[in-house]
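Subject: The structure, and what turned up in it

Hi,

Here is the structure I promised to pass on. Have a look at it first, and then read on for my notes.

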Amino acid sequence: MSAPERRGEPRERGAEASGVTEAGPARGPLAAEAPGAGRQGPATARGGAAASGGAFAGADAVPGGASGGVGAVSGGAFARADAAPGGASGGVGAVSGGALAGADAAPEDASVGADAPSEGASDGTLDDAPDGTPDDASWNEADDDRTGETLRWLRDKRRAHRRQKGREVAVVVYTLLVAALGYGGGYAFHFLRNVELGADYSGFADGAQRVLPALFALLTCGLALAAARDALWRGPVVVPGPSVGWLLAQPVRRARVLRPWFWLSAGLAVASALLPALGGAVALRVVGLAPAPTALLALLPAAVCLPLQAVCLAMAVERRPALARAVRRWTPAVVVALMLLTAQFAAAASGRRLAPLETVELWSGPWGWAAQPVLAATGAAAPAWPLALALLGLLTAAGLVLGHRDAAHVPNAQLRRRAATAQTVTSVLWTVELRAARLALLDAVGDGRIRRVRLPVPRSRRLVVVWRDAQALLRAPGRLAKALMWTVCAAGTAALGVQLDGGKRMFVLALALFLGYVAVGALAEPARLETDDVRRAAWAPYRFRTLMLQHAIVPAGVGALLGLLAGVPFAVAGAPWALLLMPVCAVPCAAAAVFAACRGPMRTHLLFTGVTTPVGDPGVLVFFAWYAAGPLLTVGGLLLALGPALTRGLDAAAVGNAAAVTAVLTAVLLYAAGRAAGRLVRR
């Protein structure tokens, strides 16, 4: 039986299942020469049958036989030639009076145990201890450790695959570098040329210095949240599926297998932070706050310590289920804190600083400790920055020690789940199936709780879709929280835009409209679930296109209510027409969200049009235009409707024209959504 067929079979645990009893080692003329003979441990074949009256011969056999259920070998010989280390578990039927030979056997070949019943031993289960280590009383690291030879064998076998993988990574890196240099090189050259010619950017110096405390707190909090959420489905220690399924089942030390992945994640995190640090140093030099070398030295502690602390936090979340539950529970509160820090950043940029709050931020945690050397380099008051730097280093060192210890104790079952999720997400991203990747992440990150909320059943069947969508929204309050968060962001961006003029106003207004579309789109999840598998629509008493159009009612209604709440501050500030315009904008956003849900499978062939232009193949732009057709039409149409009204001033005529354009845009999007839904059913 081949190794892949036996890999998933359970194994017996304990000395009895290992074929080792009080009688001692296996009997036979060459039993003493067999690797691990007479010992309890992975070197002998756990779950194996008796080899009485026969010989166990291993020509050039490397220690580390396999575990598994092997039938009785009575009166015969079990021979292996050139066996590789660390065989895998499996079950082999009884072989009576014959010989079982394996030439050039791979590590999956099984060896025979000692003093098991001649009928063969049944397989059992090998559970993991709470700390993730195999719960096997027969393991003796001093005698049975096969880590070095197993890892050497794997390196030899994987050498060709790693060369191929290296070539693929080199091609990807080369493509990204060419794209970055081709599309960003001109802007970088223009900027550096202006600096060389003496362009004056000193007007930004005061604003840049004012926002540093809030900026470091915002970046640190966002980095910690991203690392903790990432640890819910991936984390720093992500071992490939084959290694989890085969390597960790061998007599190897888990620490030598798992800890390198932790340090690899830490190194990649630091490497990815060095480029932003270099950009920050250049920015401080350009605005005249500090020389480039001084600014870079001041930014290095933050660029090194903050990413390492984020990796250590992710390692703690990955290792401890209680912390993972706490991350899910406190994520909304952290998001609110991020929004408040963003507001503080905007206030500081406009000159309204909160000095007591900044003082608390500078000494309340690593976000402030990392900012103090930069403040000192720019000439701000930070006299105790060496103490803050020492605290930052001590916290980072303590986190690394704890993370190094935790990396060896992640349970195997958790590693298997994370490897499967990471492989799924990677594969669907290569095919640009973003929806499939999001579903995989939601399945891995979700807590699995179902909130039992039930609305009264409507009397008319015409309201059944609305009732179903409203009930789904109440059972998933996170969607409503996301919609509220993006609505607040859209309102804040719009408030900033009305203070500007010209092209800046239109750009910021477009950004606010896009954020509003994201807010309403978060409420349209039932429509997306319906189109993930059109067979789910069999419950509805309508045609599929009619069903999809009705899925726009709840997002439009709830979005209009959120828009009304967002317009209250504008009305208080003297713009009462916002109470009408903002709710009206939610209706075409809901229609666009349903249209986007009906777009169908990814048309990846649009990425390669075969048309040659001075800027390359426009396939990427064509694909983006198809993929984002809904939000592009919505934002563009609303911008055309609201732009002239804001320019001439809001009055009854301007608001009426904007409402008429919004109605026409909504009708067009609903018609397009119905056509797209019909194509999904016919396909």
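In which helix does Val445 have its place? That would be α15, which covers residues 434–445. Before I go further, please keep in mind that this is a predicted model, and that everything below was computed from it.

**Val445 and its surroundings**

Val445 counts as buried because its relative accessibility is 13%, and the cut-off for buried is under 20%. If you set aside the neighbours within four places in sequence, Val445 is in contact with Arg229, Leu232, Trp233 and Arg328. Ala231 belongs in this picture too: 214 residues separate Ala231 from Val445 along the chain, yet their C-alpha atoms are 9.0 Å apart.

**The chain as a whole**

Stepping back, the chain has 683 residues, and 41% of them are buried. There are 25 helices and 7 strands. Among contacts with a separation of 6 or more, 68% join residues that are 24 or more positions apart. The accessible surface amounts to about 35000 Å², and carbon and sulfur atoms account for 66% of that.

**The second largest pocket**

You may want to turn the model to the second largest pocket, which has a volume of about 1900 Å³. Its lining is made up of 46 residues, and those nearest its centre are Val238, Val239, Pro240, Trp261 and Leu264. Several helices each give at least two residues to this lining, namely α4 (147–196), α6 (212–230), α7 (241–245), α8 (254–286), α9 (292–319) and α14 (412–430). What is the make-up of the lining by class? It has 30 nonpolar residues, with 8 polar and 8 charged ones.

**Two residues around α14**

Two residues are worth finding in this part of the chain. Thr426 sits in helix α14 itself. Is Thr426 buried or partly exposed? Its relative accessible area is 41%, so Thr426 is partly exposed. Between Thr426 and Ala437 there are 8.0 Å from C-alpha to C-alpha, with a separation of 11 residues in sequence.

Ala408 is found in the loop between α13 (385–406) and α14. Ala408 has a relative accessible area of 6%, so it is buried. Not counting residues up to four places away in sequence, Ala408 touches Arg254, Ala255, Leu258 and Arg259. Take Leu258 from that list: Ala408 and Leu258 are 150 residues apart in sequence, but their C-alpha atoms are 5.7 Å from each other.

**The second largest cavity and α19**

Searching the whole structure gives 5 cavities of 30 Å³ or more. The second largest cavity has a volume of about 60 Å³. Its lining consists of Asp469, Leu473, Arg479, Leu523, Ala524, Pro526, Ala527, His551, Val554 and Pro555. Two or more of these lining residues come from each of α16 (464–475), α19 (525–532) and α21 (553–572). Sorted by class, the lining has 7 nonpolar residues, 1 polar and 2 charged.

Why is α19 described as largely enclosed by the rest of the structure? The reason is that 6 of its 8 residues are buried. These are Glu525, Pro526, Ala527, Arg528, Glu530 and Thr531. Pro526 and Ala527 also appear in the cavity lining.

**An aromatic cluster**

Last, some rings. The structure holds 5 aromatic pairs. One pair is Phe623 with Trp626: the ring centres are 5.9 Å apart and the planes meet at 40°, so this pair is tilted. Both residues are in helix α23 (residues 619–627), and because they are 3 residues apart there, about one helical turn separates them. Phe623 is buried at 9% relative accessibility, and Trp626 is also buried, with a relative accessible area of 17%. Tyr627 joins in as well, since ring pairs link Phe623, Trp626 and Tyr627 into a cluster.

That is the tour for now. Happy to go through any of it with you at the screen.

Best wishes

Definitions and conventions
Residues are numbered from 1 along each chain as its sequence is written. This is a predicted model: local features need pLDDT of at least 70, side-chain atom pairs count only at pLDDT 80 or more; totals for chains, interfaces and linings use all residues. Side-chain values use heavy atoms; hydrogens and water are left out. On a 1 Å grid over the protein atoms alone, a cavity is a set of points where a 1.4 Å probe fits but cannot get out, and a pocket is an open set with protein on both sides within 12 Å along at least five of seven lines; lining residues have an atom within 4 Å of a point. Grid points are joined across faces, edges and corners, and a volume is the space filled by probe spheres set on the points. Helices (H or I, at least four residues) and strands (E, at least two) are DSSP runs, numbered from the N terminus. Ala, Val, Leu, Ile, Met, Phe, Trp, Tyr, Cys and Pro count as nonpolar, Asp, Glu, Lys and Arg as charged, and the others, Gly among them, as polar. Buried means under 20% relative accessible area, exposed over 50%, partly exposed in between (1.4 Å probe, protein chains only). Contact means heavy atoms within 4.5 Å. Accessible areas come from the Shrake-Rupley method with a 1.4 Å probe; for residues, only the protein chains shown count as cover. Rings of Phe, Tyr and Trp (its six-membered ring) pair if their centres lie within 6.5 Å; planes under 30 degrees apart count as stacked, over 60 as edge-to-face and the rest as tilted.
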